Amino acid sequence: MKYKLLTGVYQQLDSTSKRLLKTKILSDFLKKVPESEIERVYLLVQGRVFPGYDERKLGVAAKLVIKALATASGKENKDIMKEWRKIGDLGEVAEKVISNKSQRTLFSRSLSVQKVFENLQKLAVIEGAGTVNRKVKLLAELLTSASDVEAKYIVRTVLEDLRVGLGEGTLRDAIVWAFFPKQIELKFDEKANKIDVDRKKYNEYSDAVQDAYDVLTDFGQVAIIAKTEHIAGLKKVKLSPGKPVKVMLYQKAADIKDAFERVGKPAAIEYKYDGFRVLINKKGKEIKLFTRRLEEVTKQFPDIVEEVKKLKGNFIIDSEIIGLDEKGRYLPFQKISQRIKRKHNIAQMVKDYPVKINVFDILYLDGKSLLTVPFEDRRKLLKKLCPKLLAKQIMTSSEKDAEKFYQESLQAGNEGIMVKNLKGIYKPGSRVGYGVKVKPVMETVDAVIVGAEWGSGKRSKWLASFVVAVLDKDTGEFVEIGKVGTGIKEKADEGVSFKEMTDLLNPLIREEKDRSVRVEPKIVIEVNYEEIQKSPKYASGFALRFPRFIRLREDRRAKECTTLDELKTFYHDQRGRGK
Ligand code: AMP
């Protein structure tokens with residue numbers, strides 16, 4: 001398939017913000033894509049070349065793109081830098097410099113989706129001597145054969161910022177529209193921007209697609225099953241240990257009374273440990289650990305692997321790993337997050353930062369998926385499987401007992417409690433409310449940094465103020481909610497410093513104007529605030545009052561930040577509490 005066809009679709013998607021129309025555009029295209037290309041194409045429309053669970057990263061900075069553009073266009077680096085400063089977006093810079101070039105070269109080869117995809121994948125695996133030059137060469141090779149529009153989208157893909165506005169909902173619905181239009185009796189009225197469907201059927205088919213996606217975590221694979229094996233195939237998608245699955249998420253309850261109202265009585269109440277979440281997979285002797293971002297962290301935790309080896313059977317269990325100090329007390333998350341990042345000298349890390357596993361759920365055991373088994377029965381299975389590693393739990397209908405347990409949990413250094421419905425199923429990837437969390441503080445926001453400003457005076461070497469955003473799930477875009485500077489330190493030994501933030505963000509800078517920069521949305525930070533206000537100043541329609549940096553959330557991908565819908569709920573909740 002020609003890459004030109006795909007960039008045509010990008011342009012169409014780019015030209016509208018209407019979700020239904022985007023779904024239509026994508027589904028019409030999907031129908032035409034041959035089976036052998038679906039996986040690649042569906043990753044590329046998401047602006048990626050690896051599925052979410054794949055550890056590999058492109059690792060391409062703006063500077064490298066500039067070099068490749070210089071090589072492909074025959075221009076000087078500094079001229080391209082100049083354009084970049086003027087235009088601000090490297091994709092558009094590419095479009096401009098490549099368009100000038102293509103007027104001269106008449107016989108450029110036409111690019112295939114496969115070629116683009118493969119070259120981009122190769123970028124991720126290049127290591128060792130001459131890495132930069134080899135990456136420049138691979139990218140320049142693509143750009144030399146690209147048309148202006150193709151160059152724009154290649155560059156945006158490489159920088160992991162495609163910006164065609166596809167949220168997860170649209171990606172899912174496009175599969176339903178493409179392969180089951182008759183079954184759901186789909187009629188789309190473009191003018192009125194409305195659809196007419198058999199709602200019940202629509203829900204059934206879109207749930208089947210979503211459920212398969214939650215297990216496979218790759219829309220491309222799901223699309224192929226929908227196309228070739230239809231709904232029966234989707235319903236057959238099974239868990240198997242060794243492959244990452246999306247974890248179930250929890251809603252927030254205002255207090256214990258609210259928690260009981262939402263999950264029913266009696267409920268299971270557990271410590272809410274403040275560590276990081278790991279899905280532990282065991283199949284024979286093979287053990288694999290995945291974070292909630294679906295990244296594999298097995299190598300970083302040989303101590304956990306040893307512990308899990310002692311358990312019998314094949315399984316996928318869900319757990320929170322916490323750090324301990326020398327007296328056996330819980331350590332704040334920030335300390336043990338170092339272990340996730342560490343690739344070398346692991347033995348020393350194991351000694352310096354011992355950890356403890358707290359298992360709170362099970363998804364699969366010895367050939368059987370347990371996703372639809374009630375929580376109380378899953379817990380019984382866990383009791384047999386790993387009695388020593390269980391998260392602390394009580395079962396009660398009494399608010400008084402629950403309150404006591406909550407205080408005990410806080411005393412022990414935990415974040416709060418989880419209150420869980422005894423009959424709840426395990427629903428990967430969704431925040432369905434079979435369990436809720438109760439925490440004492442106002443809900444913090446996990447925000448993505450999308451921009452920053454250089455500081456002044458003694459902070460002038462550093463980025464000192466950070467523009468943060470949340471995710472609008474309808475459009476897939478990040479929308480701004482404020483600027484954060486407070487809470488970040490001048491000295492490294494006091495916590496996360498301006499220098500550390502600057503080092504993190506520098507390679508992600510895409511645009512630079514005066515003292516402000518725009519960065520690739522990658523870094524997620526947890527932010528506290530006094531209040532959420534309505535505000536026309538930011539694209540989200542909301543602003544955080546007195547936002548304060550709490551910590552880096554290295555365990556979250558940008559797309560896993562707080563959503564605009566959640567922010568709206570926080571806004572309304574605070575009203576409810578009389579703020
Ligand atoms: P939050 O990150 O505030 O949405 O809270 C949910 C997180 O709490 C989960 O993703 C887990 O990482 C963590 N957690 C700690 N203890 C438990 C528990 N007993 N059950 C479920 N999740 C837990």
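In this predicted model, a polar side-chain atom of Glu320 lies 2.4 Å from an oxygen atom of the ligand, and this contact is a good place to begin a careful reading of the site. A second side chain takes part through Lys420, where a polar atom is placed 2.8 Å from a nitrogen atom of the ligand. The backbone contributes as well, since a polar backbone atom of Tyr271 is found 3.0 Å from a nitrogen atom of the ligand. How much of the area that the ligand exposes when taken alone does the protein bury? The ligand by itself exposes 490 Å², and of that area the protein buries 93%.

## The shell around the ligand

The ligand is surrounded by 14 residues, and the closest of these are Glu270, Arg277, Glu320, Lys420 and Lys437. Two elements of secondary structure, strand S4 (267–272) and strand S12 (416–421), each give two or more residues to this shell, and the largest share, three residues, comes from S4. Sorted by class, the shell holds nine charged residues and five nonpolar ones, with no polar residues.

## Empty space inside the protein

Rolling a probe the size of a water molecule over the atoms shows where empty space is left. When the whole structure is searched in this way, two cavities of 30 Å³ or more are found. The table sets out these two cavities beside the second largest pocket, with the volume of each and the classes of the residues that line it.

| Space | Volume | Lining by class |
|---|---|---|
| Largest cavity | about 50 Å³ | five nonpolar, three polar, three charged residues |
| Second largest cavity | about 30 Å³ | two nonpolar, two polar, four charged residues |
| Second largest pocket | about 440 Å³ | ten nonpolar, two polar, seven charged residues |

The lining of the largest cavity is made up of Met248, Tyr250, Asp361, Phe375, Arg378, Lys420, Asn421, Gly424, Ile425, Tyr434 and Gly435. Lys420 therefore deserves a second look, for reasons of position alone: it belongs to the lining of the largest cavity, and it is also listed among the residues closest to the ligand. Helix H17 (375–385) and S12 each supply at least two residues of the lining of the largest cavity, and S12 is also one of the elements that give two or more residues to the shell around the ligand.

Which residues line the second largest cavity? They are Pro241, Gly242, Asn281, Lys282, Lys283, Glu286, Ile287 and Lys288. At least two residues of this lining come from strand S5 (276–283), and at least two come from strand S6 (286–291).

The second largest pocket has a lining of 19 residues, and those nearest its centre are Asp211, Lys235, Val237, Leu371 and Thr372. Helix H11 (199–216) and helix H12 (219–236) are the elements that give two or more residues to the lining of this pocket, with the largest share, seven residues, coming from H11.

## The chain as a whole

Stepping back from the individual sites, the protein chain contains 20 helices and 22 strands. Its radius of gyration is 25 Å, which is close to the 25 Å that the globule rule gives for 579 residues, so the chain is as compact as a globular protein of that length. Along the principal axes, the C-alpha atoms of the chain fill a box of roughly 80 × 65 × 55 Å.

## Two details of the backbone

Two places in the backbone are worth finding in the structure. Lys265 and Pro266 are joined by a cis peptide bond, with omega at about -10°, and Pro266 sits in the loop between helix H13 (256–263) and S4. S4 is also the strand from which the largest share of the shell around the ligand comes.

Where is Asp366 found? Asp366 belongs to the loop between strand S9 (355–365) and strand S10 (368–369), and its phi is near 40°, a positive value in a residue other than glycine.

Key: Residues are numbered from 1 along each chain as its sequence is written. This is a predicted model: local features need pLDDT of at least 70, side-chain atom pairs count only at pLDDT 80 or more; totals for chains, interfaces and linings use all residues. Side-chain values use heavy atoms; hydrogens and water are left out. A residue is near a molecule or strand if one of its heavy atoms lies within 4 Å of it. A polar contact is a pair of N or O atoms within 3.5 Å; within protein, one must be able to donate a hydrogen and the other to accept it, and residues adjacent in sequence count only if both atoms are side-chain atoms. Accessible areas come from the Shrake-Rupley method with a 1.4 Å probe; for residues, only the protein chains shown count as cover. Helices (H or I, at least four residues) and strands (E, at least two) are DSSP runs, numbered from the N terminus. Ala, Val, Leu, Ile, Met, Phe, Trp, Tyr, Cys and Pro count as nonpolar, Asp, Glu, Lys and Arg as charged, and the others, Gly among them, as polar. On a 1 Å grid over the protein atoms alone, a cavity is a set of points where a 1.4 Å probe fits but cannot get out, and a pocket is an open set with protein on both sides within 12 Å along at least five of seven lines; lining residues have an atom within 4 Å of a point. Grid points are joined across faces, edges and corners, and a volume is the space filled by probe spheres set on the points. The radius of gyration is taken over C-alpha atoms; the globule rule is 2.2 Å times the number of residues to the power 0.38.
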